[in-house]
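User: I would like a close look at a single part of this protein, namely one helix and its surroundings, followed outward into the rest of the chain. Please take me through it in one connected account.

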Amino acid sequence: MRARTRVMSAVTAAGALLALSGCGAADMTKQASPYANAAGAKTVTLSVQSWVGAQADVAVAEYLLKNELGYRVDKVQIDEVPAWDALSQGRVDAIMEDWGHPEQEQRYVKDKKTIVPGGDVGVTGHIGWYVPTYFAKKHPDVTDWKNLNKYADQFRTSESGSKGQLMDGSPSYVTNDKALVKNLDLDYEVVFAGSEAAQITQIEQFAKQRKPFLTYWYKPQWLFEKVPMTEVKLPEYKEDCDADPAKIKCAYPHTPLQKYFNADFARKGGKAAAFLKNFQWSEADQNEVSLMIADQKLSPEDAAKKWIDRHESKWRGWLPK
């Protein structure tokens with residue numbers, strides 16, 4: 001995917017979650033929620049993506065669907081590409097945050113017409129390489145990728161051997177980083193922390209010790225509020241510069257995050273479909289809920305309720321008339 005190439009690991013959601021792995025068409029026959037697309041049932045099944053921002057979207061949507069509109073909400077955790085397959089098959093009704101999957105959009109939205117766009121989330125996502133701001137202030141030129149080799153020794157770890165470390169999240173996520181390191185002739189090794197949670201722990205440990213680090217990271221993300229980081233400027237992103245994954249030499253794009261619905265749900269989902277289409281909030285709103293879930297360790301439901309109690313003027317307009 002050219003998408004959340006994009007990331008991430010799991011901060012596990014509350015409720016029944018289903019983990020799938022792999023790419024391409026997914027056989028959802030046995031794993032799917034029994035409530036998805038159930039004729040006549042006042043039930044909505046939401047795909048929960050594995051990063052905390054998407055979990056925040058689902059938590060708030062679920063709380064309002066249940067408590068304001070009277071729906072049962074079932075949640076299913078699926079990797080990014082299989083989630084599109086499940087959505088097309090009607091095994092889930094909606095994906096609340098997608099970072100852009102051109103191949104799946106072509107197949108399911110344009111060709112098969114089994115999936116329809118659900119509108120903007122209201123948040124623009126961006127992935128990049130970051131260094132801690134305390135290091136960037138001492139070494140301002142590190143923020144230009146052309147100078148990264150100069151600092152490779154300082155970013156070296158036991159895991160990266162003789163090279164500098166570029167820390168990524170989970171090896172199951174598709175990123176451009178190995179290709180970028182190779183094509184830009186950088187003296188770095190991509191090292192996977194294992195998950196978003198493990199990557200956050202590592203970043204916090206480096207920051208506590210005021211150590212230099214170079215990491216793949218993304219916005220919006222609540223961690224910036226605790227560990228200020230400065231982006232390293234990669235070669236400018238231009239249309240289709242990432243079309244061939246093996247030849248990528250450019251930065252990640254800025255991506256307005258989108259919702260997608262099963263086409264039948266969009267037509268027949270009534271107030272639930274109308275509500276989810278209306279759902280749109282800001283990066284600050286999402287980070288507020290994400291911070292409560294990931295840092296303050298509130299359950300997604302409790303975090304959603306706190307946000308909802310504070311921001312009625314924002315969500316009241318999402319409810320269908």
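Analyst: In this predicted model, the axes of helix α2 (residues 80-89) and helix α3 (residues 102-111) come within 11 Å of each other and cross at roughly 0 degrees. Since an angle under 35 degrees counts as roughly parallel, α2 is therefore roughly parallel to α3. By class, the residues in the contact of these two helices are four nonpolar, two polar and two charged. On the α2 side they are Val 81, Trp 84, Asp 85 and Ser 88, and these meet Gln 104, Glu 105, Tyr 108 and Val 109 of α3. The spacing of such positions can be read against a general rule: an α-helix has 3.6 residues a turn, so residues three or four places apart point the same way.

Val 81 gives a closer view of this pairing. This residue of helix α2 has a relative accessibility of 10% and so counts as buried, the cut-off for that class being under 20%. Its C-alpha atom is separated by 7.7 Å from that of Gln 104, although the two residues are 23 positions apart along the chain.

The burial of Val 81 is shared by much of its helix, for nine of the 10 residues of α2 are buried, so that α2 is largely enclosed by the rest of the structure. The buried residues are Glu 80, Val 81, Pro 82, Ala 83, Trp 84, Asp 85, Ala 86, Leu 87 and Ser 88, a list that includes both charged and nonpolar side chains. What encloses them is not α3 alone, since the buried residues of α2 pack against β1 (43-48), β3 (94-98), α3, β4 (115-132) and β9. Just after the helix, Gly 90 takes a positive phi of about 80 degrees.

One of the partners of α2, strand β9, can be followed through Asn 262, which has its place in that strand (residues 254-262). Asn 262 has a relative accessibility of 4% and therefore counts as buried. Leaving aside neighbours within four places in sequence, Asn 262 is in contact with Leu 87, Ser 88, Gln 89, Gly 90, Val 92, Asp 93 and Thr 114, so the glycine with the positive phi just after α2 is among its partners. The side chain of Asn 262 also reaches the backbone nitrogen of Asp 264, at 2.9 Å.

On the far side of α3, the loop between α3 and β4 holds Lys 113, which has a positive phi of about 60 degrees although it is not a glycine. Most residues other than glycine have a negative phi, and most peptide bonds are trans. Lys 113, at 56% relative accessibility, counts as exposed, whereas Val 81 in α2 is buried.

The loop between β8 and β9 holds another such residue, Asp 240, whose phi is near 70 degrees, again a positive value in a residue other than glycine. Asp 240 counts as partly exposed at 46% relative accessibility. Next comes the disulfide formed by Cys 241 and Cys 250, whose sulfur atoms are 2.0 Å apart, and a search of the whole structure finds one disulfide. The torsion about its S-S bond is about 85 degrees, so the disulfide is right-handed. Its two ends differ in exposure, for Cys 241 is partly exposed with a relative accessible area of 22%, while Cys 250 counts as buried at 4%.

A second helix pair offers a contrast in geometry. The axes of helix α1 (residues 52-67) and helix α10 (residues 300-310) come within 8 Å and cross at roughly 70 degrees, and these helices are therefore roughly perpendicular to each other. Their contact divides into eight nonpolar, one polar and two charged residues. Helix α1 also holds Asp 57, which is buried with a relative accessible area of 0% and whose side chain is joined to that of Gln 286 by a polar contact of 3.0 Å.

For the chain as a whole, the secondary structure comes to 11 helices and nine strands, and buried residues make up 55% of the 321 residues. Of the contacts with a separation of 6 or more, 75% are between residues 24 or more positions apart.

How values were computed
Residues are numbered from 1 along each chain as its sequence is written. Side-chain values use heavy atoms; hydrogens and water are left out. Helices (H or I, at least four residues) and strands (E, at least two) are DSSP runs, numbered from the N terminus. Buried means under 20% relative accessible area, exposed over 50%, partly exposed in between (1.4 Å probe, protein chains only). A polar contact is a pair of N or O atoms within 3.5 Å; within protein, one must be able to donate a hydrogen and the other to accept it, and residues adjacent in sequence count only if both atoms are side-chain atoms. Contact means heavy atoms within 4.5 Å. A disulfide is a pair of cysteine sulfur atoms within 2.5 Å. Axes are lines fitted to C-alpha atoms, for helices over the stretch in contact, and angles run from 0 to 180 degrees between N-to-C directions. Angles under 35 degrees count as roughly parallel, over 145 as roughly antiparallel, 65 to 115 as roughly perpendicular and the rest as oblique.
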